[in-house]
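Me: I've got the model open and a few labels I'd like to pin down. Can you take me through them?

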Amino acid sequence: MTDHELIWRIAGGSGDGIASTSQNFAKALMRAGLHVFTHRHYPSRIRGGHTYTEVRVSADPIQSRGDGYNFLLALGDSFARNPSEGAYYGNEEIKPLSENLDELAEGGVIVYDSGLLDASEIENFDERVEENNWHVYDIDLRSMAREHGREVMRNTAGVAVTCAIADIEPDVIKSLMSDAMPDKILEPNLEVFDDAYETVQSEYDVDTPDVSAPTGEHDEEQVLISGSDAIAYAAIDEGCRFISGYPMTPWTEVFVIMSQNLPELGGISEQVEDEIAAAALAMGASHAGVKAMSGSSGGGFSLMSEPLGLAEITETPLVLVEAMRAGPSTGMPTKPEQSDMEHVLYTSQGDSHRIVFAPGTAAEAYDQTRKAFQIAYEYQIPSIVLYDQKLGGELSNVPASVFDEEPNADLGSVLSEAELEEAPHDDSGKYQRYQHDTENGVSPRSLPGQKGGRYLATGNEHMPAGHISEDPDNRIAQMNRRMQKVESIREELDEDGEFNTVYGPEDADYGLVTFGSQQGTVEEAAAELNEKGHSVKVLGVSELMPFPKEQVKSFLDSVDEALVVEMTASAQFRGLVQKELGGYGDKMSSLLKYNGNPFEPLDIVEGFETALLEGEALPDNRTKFVPKVGE
Amino acid sequence: MSAFSAIGEETEKDQNEFTPGLEPQPTWCPGCGDFGVLKALKGAAAELGLSPDEMMVMTGIGCSGKLNSYFNSYGFHTIHGRSLPIARAAKLANPGLTVVAAGGDGDGYGIGGNHFMHTARENHDITYIVFNNEIFGLTKGQTSPTSPKGHKSKTQPHGSAKTPLRPLSLSLNAGASYIARTAAVNPNQAKEIIVEAIEHDGFSHVDFLTQCPTWNKDARQYVPYIDINESDDYEFDNTNRAEASEMMFETENALHEGTVLTGRYYVESDRPSYQQEKKQIGEMPEEPLAERYFDDSYEWERSYDKFLDKHK
């Protein structure tokens, strides 16, 4: 967090409209020319429970939630249970205020709804306020909202108070409200907004806090997009018109976006009995000639193991997305982690041959999901987009031009009926859909219903026309050809060379290596380290399978030492690098985080300076340092 | 012009056209009931004038899974219990295809039971043939979901303590709209039932009794059989759900008492298929989706035009 940033945290109860209020706030500031980045924290609970969303606002491009925050808007939790402190959930009513104090920066602002929250219930509140030089505004937002109609409008009142204190032009918010709210509720909301804004301006000291929103300007039009939006839109732009799924947090977001939009596009969405069926339906549709996808999160993806292997051996194009959350088993459903990496790379029996991308940003999620479809259909192989609750749910501004791309509905390696007439057939008249020798490993397919294209697809090893066979020579020929496709894809990705990200000075002494959604945070940490006089660069890997061996090797060769940053407890990604490169264990240490919260840049700065450079223990258990092999 | 010209092509077919040249002789054991299913399916396909290129035969794992190795059409030999979800989607993607799924009693009523239940519930316009031999054959004779109570096998050395599953009753309650039972020893009825099942608009379920002479030697050969629609001893209306239900219950009990009852148990012809329901609510296009990818004049929509405004 720099002096010129606002990191605004709106806290309340799950179900109190925290997410939509923060989304509107972020979008309004984006429209005003600022860069925004959000972070959602919510419990796995039906109703109630403390939740917050942070909106980081900056005049310069930003890529993470930042460190800590400097403006708290604490609303009441209207669904709070068990007000007694002895209860399991503790005193829930006070949590939107009490739970958020530890990370609030010195000199920060606290606005709380005194209609629902009583600060005197918090131990040493006044002392902490004084110690940290916090500026406290206790305002009865609930009564204010009630006066104008509905209590839920206290969110609007809170945003108005934020504007008054943080110097945000009211029209920035009000014009967005006019766009976002239906007429019926718009008028009273605007009234609450004005009332709250004016009351605070006239009755409170809003000038003392040194916390304000910056001003800025975009050089091109921006959109406020989540990773889930980007994945869904990429699928649609690749001509995906079939999705099958089963609800599971956090993958449900992609499933919902697709299901809401596909009917209008003449597509089909199927909510089915389980994830085995979900992946199997996507295969069935794809097999019959429709571009299709499915997806899930950890537990649901486990059920997809079977169909995934079937897609590999039958060479059925299949695009899956996997939204990771903290495991094992049900784990922590609403908390991000990257610990499904090995699961996704290797699950299902036999030698896996599949494509796995782990995008780092919403824009990358769009590009890489499109590439996943292209590869799946061209090479007839499963492609998986591996992301997590963090990337899926966080909103950031992305240039609209990122999405200004042509659609591509190409089915890839499929023959037409005319081409099938010329193609090789066996004695039964079956098309030899799995020919032994092909240029890049791909043997083009036919589609059921095409004249002259019939063949047997089977999960058993098979002859060219699909006939089941355990002949050793045929086995080797088919296995080698399928594996050859992965090599061909590696070559194609090397030519593109777009998906892994290098950041920082080329001749840096130290490297930070990460994968997937932590990339932006790691880059911000590197910037901070370089500013402090260290010499650090970053490699963010998105291509997990096939692995970009050369690129990772040359990065590691170019630095003295590397710190691998990942949200796992067993250093899975570092293990992958060692496996793929056959070494480097003596060059890589790990910084791990698995407490349910994504890395903040300062976690990494601290891990690098304290643990890696000075060899000292980290001050608390938020992150874990694992030294390189031999130390 | 369709990119799938085999679909709906008017042809005179001989059932031999459905015999593949590569492996015309199945590897099923001599006397196996599975031969009866293959023969009935070939006969039905020829009678319906279907072409091998417009049929999609999906199977699971087990002796029954080999059906599409010995049947000349598009085939998909999937994994244990999963033929139905793959079959459903292929039909949604290209409704012109004639989709037949097949599996054994372990495949369809055991490991794939959840898919069976939901496919029936949704009334997909596909045919499902279950090779019911009351045993696991391919894995050498273990007790299956339809094995009678007390059935002894290497995995149930003291005899099964489990009551066998009631396939017909399950199907009815789950929502199948055509339910029949036939037997391998009854080739004419079997063919006729498969013809009706394929023609039926909705989920048609055929419980096909296939004797296993190798691993289920103690069991009946499903003879003599009685056709409940023909026999004067069994009066019931197979369009009436309650009467169908009672007849099914009686049939399932009778099998374990040595009486083999077969026939059409339930026919619900006015219920819309899933595809029709989905089109009705605007969630499935009128034209087969699979055709769109071959339509050069189709204008594919893109997210930039359709969805981006709401993010600005």
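Reply: Sure, starting with handedness: a crossing is left-handed if the near helix is turned anticlockwise from the far one by less than a right angle, and right-handed if clockwise. Bear in mind that this is a predicted model, where local features need pLDDT of at least 70, side-chain atom pairs count only at pLDDT 80 or more, and totals for chains, interfaces and linings use all residues. Residues are numbered from 1 along each chain as its sequence is written, with chains lettered from A and ligands numbered from 1 in the order in which they are written.

Me: Which way does α1(B) pass α6(B), left-handed or right-handed?

Reply: The crossing of α1(B) and α6(B) is right-handed.

Me: And why is α1(B) called oblique to α6(B)?

Reply: Helix α1 (residues 34–47) and helix α6 (residues 187–199) of chain B pack at about 55 degrees, their axes 8 Å apart. Under 35 degrees counts as roughly parallel, over 145 as roughly antiparallel, 65 to 115 as roughly perpendicular and the rest as oblique, so α1(B) is oblique to α6(B). Among the residues making the contact (C-beta atoms, placed from the backbone, within 7 Å) are B:Gly36 and B:Ala40 of α1(B) and B:Ala190 and B:Ile194 of α6(B).

Me: What makes strand β2 of chain A mostly covered?

Reply: Seven of the seven residues in β2(A), 35–41, are buried, meaning 20 or more other C-beta atoms within 10 Å of their own (12 or fewer is exposed, in between partly exposed; C-beta atoms are placed from the backbone).

Me: How do you know that β2(A) pairs with β3(A)?

Reply: Pairing needs at least two DSSP bridges. Seven join β2(A) to β3(A), residues 50–58, and the strands run antiparallel. One of the partners is A:Ser58, bridged to A:His35.

How values were computed: Helix = DSSP H or I, 4+ residues; strand = E, 2+ residues; numbered from the N terminus. Axes fitted to C-alpha atoms, helices over the stretch in contact; angles between N-to-C directions. Contact = placed C-beta atoms within 7 Å.
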